[in-house]
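This report describes the architecture of a two-chain model. Please read it alongside the sequence and the coordinates.

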Amino acid sequence: MRLHIRNRLHEVFDALDHAEDALDKAALNPSFRADIRLVLEELMVNTVRHGYPDGRDGSIAIKLDIRPPTVTVELRDDAMPFNPLGIETPELPGDLAQHDAVGGLGVHLARSIASDMHYSRDGDSNHVVIRFDQSLSEETPA
Amino acid sequence: MILNLRSESPTPKRSTVWLDGRLDAETYSQFDEAVRDVTPMVDNGGTLVLDLSGLEYISSAGLRSLAQLRKAMHDRDGRTLLLNPQPQVRKVFDIVKAVPVAEVFADIAELDQYLDLMQRQVTGRTDLQPTSE
C-alpha cells in the first residue's frame, strides 16, 4: 500500500485509518495493529508539527509492506533533516505530571515499540524504514 | 466519533470521566476541553476518576493531556486515579513510566477500597491495618 499526503494533521489521521484498514484485512492482531498505528502517528505528527518551521507545504509518502508476521513501513518526507534515532532518550521520572513538559516522548515510544528502525537522509528527504515483527509485539506484562 | 466522553459528579468530592475510543493527537483537545468543565466540580482535595475501560488507544499527545490534568488536580490538593487501563494503554504507560502504579486500579472495588483507606487515614481511624509495601 502506498499513500501520499500533505503535511496536515487531518491527512496524517486519514492515512492512519487507511493503514489500519489494510492491516485489518491482513488479519493482524489488534495489539500489533495498534503498535504500528502508534509508531506511524508519533513519527508523522512529529514531522507535521516540527518539520516545516517555515510553514511551507510539504509531503509525506507512506509505503506499507505487509508480509505477516512482519510489516515494513517506509516513511519519506521533504521536511528539514530529522533523525529519530539521533535524539537522546528522555528522562523518565516515573510520573509525567511531576514535570512541566517531557520532550521527545513520542519518538521514544516509537523507537521502543518498533522492532527495528533505520534512518537515512537521501538528498532533500528524510527516509525512515521501520520493521515490525508480530512475535516481538506481545503485550507487556501488567 | 473517535473519542467519546461522559462524566458524572455524584458528590463534590468525586467525579468520574469515562473515556471511550482513542486519545491521540487528533482528539486530545476534545478531552482537554471536557475535563476543563469537570475539574472545577471536584472540591479541593477531591478525587477525579478516569475510567479507561473503553479507551483502546493512547499516544504521546494523550499522555501529555493526562499529565496536565493530573498536575492540575494535584495543584488543588486533589488526586486523579486511573481505572482499568486496557492492554495498549498499559503498554504505553509502562514504556514511558507515565503514572505511579499506586494510582492505577484494575477495578472499581480496588479503587473504592483505596479511597476508603485514604479516608480512614484522614479521619484518624486506625481500625484498618495499613497494607505492607
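The text below treats the sheet of chain B, its helices, the contact between the chains, and then chain A.

## The sheet of chain B

The model is predicted, and local features are reported where pLDDT is at least 70. In chain B, five strands form an open sheet of mixed pairing, arranged in the order β1-β2-β3-β4-β5. Its edges are β1 (3-11) and β5 of chain B, each of which pairs on one side only.

The parallel pairs of this sheet are set out below, each with one facing pair of residues.

| Strands | Sense | Bridges | Facing residues |
|---|---|---|---|
| β2(B) (residues 14-23) and β3(B) | parallel | nine | R14(B) and T47(B) |
| β3(B) (residues 47-58) and β4(B) (residues 79-83) | parallel | five | L50(B) and L82(B) |
| β4(B) and β5(B) (residues 104-105) | parallel | two | L82(B) and V104(B) |

L82(B) thus appears in two rows: L82(B) stands opposite L50(B), and L82(B) also stands opposite V104(B) in β5(B). Strands of a sheet pair through backbone hydrogen bonds, in either the parallel or the antiparallel sense.

How are the parallel strands β3(B) and β4(B) connected along the chain? Together with helix α2 (residues 60-75) of chain B, β3(B) and β4(B) make a right-handed β-α-β unit. From β4(B) the chain then crosses through helix α3 (residues 87-96) of chain B to β5(B), and this β-α-β crossover is also right-handed.

A record adds an annotation to this region. UniProt, in an unreviewed entry, places the feature "domain: STAS" at residues 19-115 of chain B. Over residues 19-115 of chain B, the chain is 46% helix and 25% strand. The end C-alpha atoms of that stretch are 21 Å apart.

## Two helices of chain B

Helix α2(B) has 16 residues and reaches 22 Å from its first C-alpha to its last, close to the 22 Å expected at 1.5 Å a residue. Helix α4 (residues 108-123) of chain B also has 16 residues; at 1.5 Å a residue these should span 22 Å, and the end C-alpha atoms are 22 Å apart, which agrees.

Which residues of α2(B) are buried? They are S60(B), A61(B), G62(B), L63(B), S65(B), L66(B), A67(B), L69(B), R70(B) and M73(B). Helix α4(B), by contrast, is hardly covered: among its 16 residues the count of buried residues is one. After α2(B) comes D77(B), whose phi is positive, near 60 degrees.

## Contact between the chains

How many residues of chain B are in contact with chain A? The contact involves 23 residues of chain B and 21 residues of chain A. On the side of chain B that touches chain A, the elements giving two or more residues are α2 and α3 of chain B. Helix α3(B) supplies the largest share of that side, eight residues. Helix α3(B) therefore has two roles in this description, as the helix of the crossover from β4(B) to β5(B) and as the source of the largest share of the contacting side.

## The sheet of chain A

Chain A also has an open sheet, formed by five strands in the order β1-β2-β3-β5-β4, with antiparallel pairing. Strands β1 (2-6) and β4 (116-122) of chain A stand at the edges; each has a single partner strand, so one side of each is left without a neighbour in the sheet. From one strand to the next, the twist averages 15 degrees.

The edge strand β1(A) is joined to strand β2 (residues 59-67) of chain A by five bridges, and the two run antiparallel. Within this pair, L3(A) stands opposite I62(A) in β2(A).

## Two residues of chain A

S59(A) lies in strand β2 of chain A. Is S59(A) buried or exposed? With 14 C-beta neighbours inside 10 Å, S59(A) counts as partly exposed. Leaving aside residues up to four places away in sequence, S59(A) touches H4(A), I5(A), R6(A), N7(A), D77(A) and D78(A). The C-alpha atoms of S59(A) and T47(A), twelve residues apart along the chain, are separated by 9.9 Å.

R49(A) is placed in helix α2 (residues 30-50) of chain A. R49(A) counts as partly exposed, with 15 C-beta neighbours inside 10 Å. From C-alpha to C-alpha, R49(A) and F32(A) are 26 Å apart in space, and they are 17 residues apart in sequence.

Technical notes: Residues numbered from 1 in each chain as written. Chains lettered and ligands numbered in written order. Predicted model: local features only at pLDDT ≥ 70, side-chain atom pairs only at ≥ 80, totals over all residues. Pairing = 2+ DSSP bridges. Helix = DSSP H or I, 4+ residues; strand = E, 2+ residues; numbered from the N terminus. Right-handed = clockwise from strand over helix to strand, strands pointing away. UniProt positions renumbered as here; feature names shortened; annotations may be inferred. Expected span 1.5 Å × (residues − 1). Buried ≥ 20, exposed ≤ 12 C-beta atoms within 10 Å, placed from the backbone. Axes fitted to C-alpha atoms, helices over the stretch in contact; angles between N-to-C directions. Contact = placed C-beta atoms within 7 Å.
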